[in-house]
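Thanks for asking me to look this over. Here are my notes, set out point by point so that you can follow along on your own screen.

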Amino acid sequence: MKVFVVEDDVWYSKLLVHTLSLNPDHEVTPFTDGKSLLDQLKQKPDLITLDFRLPDYSGTELFDKIKAFDPNIEIVIISEQQDIETAVSLLKRGAYDYLTKSEDIRDRLIHVMNQLGKNRELVQRVETLQEEVERKYDFQSSIIGQSKGVKRVFKLIEKAVSTNLTVMISGETGTGKEVVAKAIHYNSPLSKKPFVPVNMSAIPKDLVESELFGHEKGAFTGAMGQRIGKFEQAHGGTIFLDEIGEMDISLQAKLLRALQEKEITRVGGTQTVKVNSRVLVATHRNLQEEVKNGNFREDLYYRLFGLPIELPPLREREKDVLILAKHFAESFAKENKQANKSFTKEAQQKLLNYSYPGNIRELKAIVELAMVMADGSEIVPDDITFAQRDVVTDVLSEDLTMKEYQLKIIRLYLKQNDDNIKLVADKLDIGQSTIYRLLKEN
Ligand SMILES: Nc1ncnc2c1ncn2[C@@H]1O[C@H](COP(=O)(O)OP(=O)(O)OP(=O)(O)O)[C@@H](O)[C@H]1O
């Protein structure tokens, strides 16, 4: 760490330089006046200890000049005697600390330096983590897929990133709604601000209000102290309300108020608190239906609608199944430090035939199990286990002629519909006579 000591008293200057140089990581340079310090600011010190009374500049003036040059330079003010008012005003303006020239100044300086070292480490760690998260959510690489559906989603994400609209992400379970929400946040101008997810279906009903808006001490039995809610945590960043369709209708009015007025009241509190964050919501339900059925407020629905992004189910994503399967196999091999395995043609066909009611989450689990089950370097059909028996897979699992397939499908439908030929003919949109004929021919 580069440290500048600005001190016109020779004895004190020596004392400070000596104390600071005890740490071999410090590179310490002394200055006796403000001007020579200002001339050398371009060397970018990390910290300056600043004597408040210098011959050429007033402490405040020099402080402002340093901060104007680079607000990241930390300044520890050193003054002759306790001057609380100046101390408070400088701390408010961003001074790191304020020390008086007393007997224990050495110990206090060492303490301040240790503290500063820890803070800098934390800041660096946060910055590294932030960069890692941003890299992870670079959406072109985190959202895998090349189908038309996914390409449409990419386009919409780009639009969501460049505006501040509320985004409503819909799609079946496991289609990647949370992945998309994170991709939007971490690629938007708010990426350095908090991303706060709240899953409505995971919070007990009577705690949702306090979770979202916080509570004051004693607001209800068990409210031991004041608690900040998710809206306050997300202030300036993004709040992601997952499974919004599960929210109790009585709370929906409060949510609408928070969104429209940009303020909330903590449970048990009387004061309003300003909250301003980008809102992303997700749902696996058809919210329009929920509005029709009286389970979701129409005014809230329109407030949230903003930019709708609908994620297609995996079974409609063409070859994405194979691209994702390959990706999950590779990640699994990497995480478990084992060799990667490839899917045989037949195994690929088996994957393509299944309908994935649990979508990408289910495919990931299937691939990971297959990686464990496969003995050699290839994954064969027997290594692939589907959690649910799937009619499509059953019907399409063999090499049959069109006619044989027709018959197989008809038999399956008959079985599922109590051999009601009229019903099956209606469902398949074919004549009853065709069914009779095919059954007779075989
Ligand atoms: N396009 C994608 N590429 C790679 N992985 C994906 C993709 N979409 C989803 N995933 C992975 O699939 C899993 C499920 O995704 P996610 O939790 O975002 O789904 P969801 O729609 O929010 O589910 P739910 O509605 O059940 O909460 C996660 O492990 C996620 O990393």
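**Notes on the predicted model**

1. Let's start with the ligand. It is surrounded by 15 residues, and the closest are I144, T173, G176, K177 and E178. Please keep in mind throughout that this is a predicted model.

2. What sort of residues make up the shell around the ligand? They divide into four nonpolar, seven polar and four charged. Helices α8 and α16 each supply at least two residues of this shell. In terms of domains, at least three residues come from domain 2 (137-310), and at least three from domain 3 (314-393).

3. T175 deserves a look next. Its place is in the loop between β6 (167-170) and α8. Is T175 buried or exposed? T175 is buried, because 26 other C-beta atoms lie within 10 Å, and the cut-off for a buried residue is 20 or more.

4. Which residues does T175 meet, once its neighbours within four places in sequence are left aside? The contacts are L311, P313, L314, N359 and I360. You can also check T175 against P357: the two are 182 residues apart along the chain, yet their C-alpha atoms are separated by 9.9 Å.

5. N359, one of the contacts of T175, is found in helix α16 (residues 359-373). N359 has a positive phi of about 55° although it is not a glycine. Most residues other than glycine have a negative phi. N359 counts as buried because 22 other C-beta atoms lie within 10 Å.

6. D429 makes a good companion to that point. Its phi, too, is positive in a residue other than glycine, with a value near 55°. Where is D429 found? D429 lies in the loop between α19 (421-428) and α20 (432-441). With 6 C-beta neighbours inside 10 Å, D429 counts as exposed, whereas N359 is buried.

7. Now for the nonpolar interior. The largest nonpolar core has 38 residues, and those touching the most other members are I169, V180, I184, F231, L241, L280 and V281. Helix α8 (residues 177-186) gives the most to this core, with five residues. Helix α8 therefore appears twice in these notes, as it also supplies at least two residues of the shell around the ligand.

8. If you would like one core residue to click on, try I184. Not counting residues up to four places away in sequence, I184 touches I157, A160, V161, V167 and L280. There is also a second, separate core of 26 residues, which includes L20, F31, I78 and M113.

9. I78 leads us on to D51. UniProt, in an unreviewed entry, places the feature "modified residue: 4-aspartylphosphate" at D51. D51 is found in strand β3 (residues 47-51), and D51 touches V6, E7, D8 and I78, not counting residues up to four places away in sequence. Why does D51 count as buried? The reason is that 24 other C-beta atoms lie within 10 Å of D51.

10. Finally, some totals for the whole chain. The protein has 20 helices and 14 strands. Of its 442 residues, 29% count as buried. Among contacts between residues at least 6 apart in sequence, 68% join residues at least 24 apart.

Definitions and conventions: Residues numbered from 1 in each chain as written. Predicted model: local features only at pLDDT ≥ 70, side-chain atom pairs only at ≥ 80, totals over all residues. UniProt positions renumbered as here; feature names shortened; annotations may be inferred. Helix = DSSP H or I, 4+ residues; strand = E, 2+ residues; numbered from the N terminus. Buried ≥ 20, exposed ≤ 12 C-beta atoms within 10 Å, placed from the backbone. Contact = placed C-beta atoms within 7 Å. Core = buried A, V, L, I, M, F, W, Y, C linked by C-beta atoms within 7 Å. Near = placed C-beta within 6 Å. Nonpolar A, V, L, I, M, F, W, Y, C, P; charged D, E, K, R; others polar. Domains from an automatic or database assignment.
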